[in-house]
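This report describes the fold of one protein chain for a reader who is new to structural biology. Please keep the sequence and the model in view while reading.

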Amino acid sequence: PEVHERVIAWFGPVRPTVVADTPDRLEVKTGSQAKLRVLGGAFIAATSLPTRTEVTTVVVDGATQVTVTASDAIGFGAKTGIKKKYELRVTEVVAQLRAALTSTAPAS
């Protein structure tokens, strides 16, 4: 439960949509398809790019192992001109969630 709380807290400012929430898996969507289609990927913040993040947990020898997978959720259409922006965003999501989940302080 603490992993789920920390993930939701980290995503809080971008108002995530929870797609799946089970004891060992949390999947969230963030960003806006509408903004991407209307304004174009080059003109929106990276945090507004549609992404899907899956966080899975498994207990091994009494320790919780967490796997974070982030990917684009662009749906149909090409990522022409925004591929690098997407790569940076999903890398940022994974790195920052890792930091949030490995710290000993409660998430804020």
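## The hairpin of strands 1 and 2

Strand 1 is connected to strand 2 by a hairpin of two residues. The model discussed here is predicted. Strand 1 covers residues 17–22, and it runs antiparallel to strand 2, with five bridges between them. One position in this pairing is threonine 22, which stands opposite arginine 25 of strand 2.

## The sheet

In what order do the strands of the sheet lie? The sheet is open, has four strands and follows the order 1-2-3-4, with antiparallel pairing. In general, the strands of a sheet pair through hydrogen bonds of the backbone, and the pairing may be parallel or antiparallel. The edges of this sheet are formed by strand 1 and strand 4; each has a single partner strand, so one side of each has no neighbour in the sheet. On average, and ignoring direction, neighbouring strands are turned by 10 degrees against each other.

Strand 2 and strand 3 are joined by six bridges and run antiparallel. Within this pairing, lysine 29 has arginine 52 of strand 3 as its bridge partner.

## Helices packed on the sheet

Helix 1 packs on the sheet and touches strand 1, strand 2, strand 3 and strand 4. The direction of helix 1 makes about 5 degrees with that of strand 2. Helix 3 lies across strand 3 and strand 4, and runs at about 165 degrees to strand 4.

Which residues of helix 1 are buried? They are Val3, His4, Arg6, Val7 and Phe11. These residues lie on the same side of helix 1, because they cover an arc of only 165 degrees around its axis. A general property of helices is relevant here: an α-helix has 3.6 residues a turn, so residues three or four places apart point the same way. The buried residues of helix 1 pack against strand 1, strand 2, strand 3, strand 4 and helix 3.

## The nonpolar cores

The largest nonpolar core has 12 residues: Val3, Val7, Phe11, Leu26, Val28, Val55, Val68, Ala70, Val90, Val93, Leu97 and Leu101. Two or more residues are contributed by each of helix 1 (2–11), strand 2 (25–30), strand 4 (63–72) and helix 3 (83–102). Helix 3 gives the largest share, four residues. There is also a second, separate core of six residues, among them Ile44, Leu49, Ile82 and Tyr86.

## Phenylalanine 11 and its aromatic partner

Phenylalanine 11 counts as buried, because its relative accessibility is 0% and the limit for a buried residue is under 20%. Apart from neighbours within four places in sequence, phenylalanine 11 is in contact with Pro16, Val28, Thr30, Thr53, Val93 and Leu97.

How many aromatic pairs does a search of the whole structure find? The search finds one. A pair of aromatic rings is described by two quantities, the distance of the centres and the angle of the planes. In the pair of tryptophan 10 and phenylalanine 11, the ring centres are 4.8 Å apart and the planes stand at 80 degrees, so the arrangement is edge-to-face. Tryptophan 10 counts as partly exposed, with 21% relative accessibility.

## Individual residues in strand 3 and helix 3

Threonine 53 lies in strand 3. Is threonine 53 buried or exposed? Its relative accessible area is 1%, so threonine 53 is buried. Not counting residues up to four places away in sequence, threonine 53 touches Phe11, Leu26, Glu27, Val28, Val68, Thr69, Ala70, Val93 and Leu97.

Valine 58 also belongs to strand 3, but it counts as partly exposed, at 43% relative accessibility. Neighbours within four places in sequence aside, valine 58 is in contact with Ala63, Thr64 and Gln65. Valine 58 and proline 23 are 35 residues apart along the chain, and their C-alpha atoms are separated by 9.6 Å.

Arginine 89 is located in helix 3. With a relative accessible area of 5%, arginine 89 is buried. Its contacts, leaving aside neighbours within four places in sequence, are Trp10, Ala46, Thr47, Leu49 and Thr51. Among these contacts, Leu49 is one of the residues of the second core.

Conventions: Residues numbered from 1 in each chain as written. Predicted model: local features only at pLDDT ≥ 70, side-chain atom pairs only at ≥ 80, totals over all residues. Heavy atoms only, no water. Core = buried A, V, L, I, M, F, W, Y, C linked by side-chain atoms within 4.5 Å. Buried < 20%, exposed > 50% of the residue type's maximum accessible area, 1.4 Å probe, protein only. Contact = heavy atoms within 4.5 Å. Pairing = 2+ DSSP bridges. Arc of directions from axis to C-beta. Phe/Tyr/Trp six-rings, centres within 6.5 Å; stacked < 30°, edge-to-face > 60°. Axes fitted to C-alpha atoms, helices over the stretch in contact; angles between N-to-C directions.
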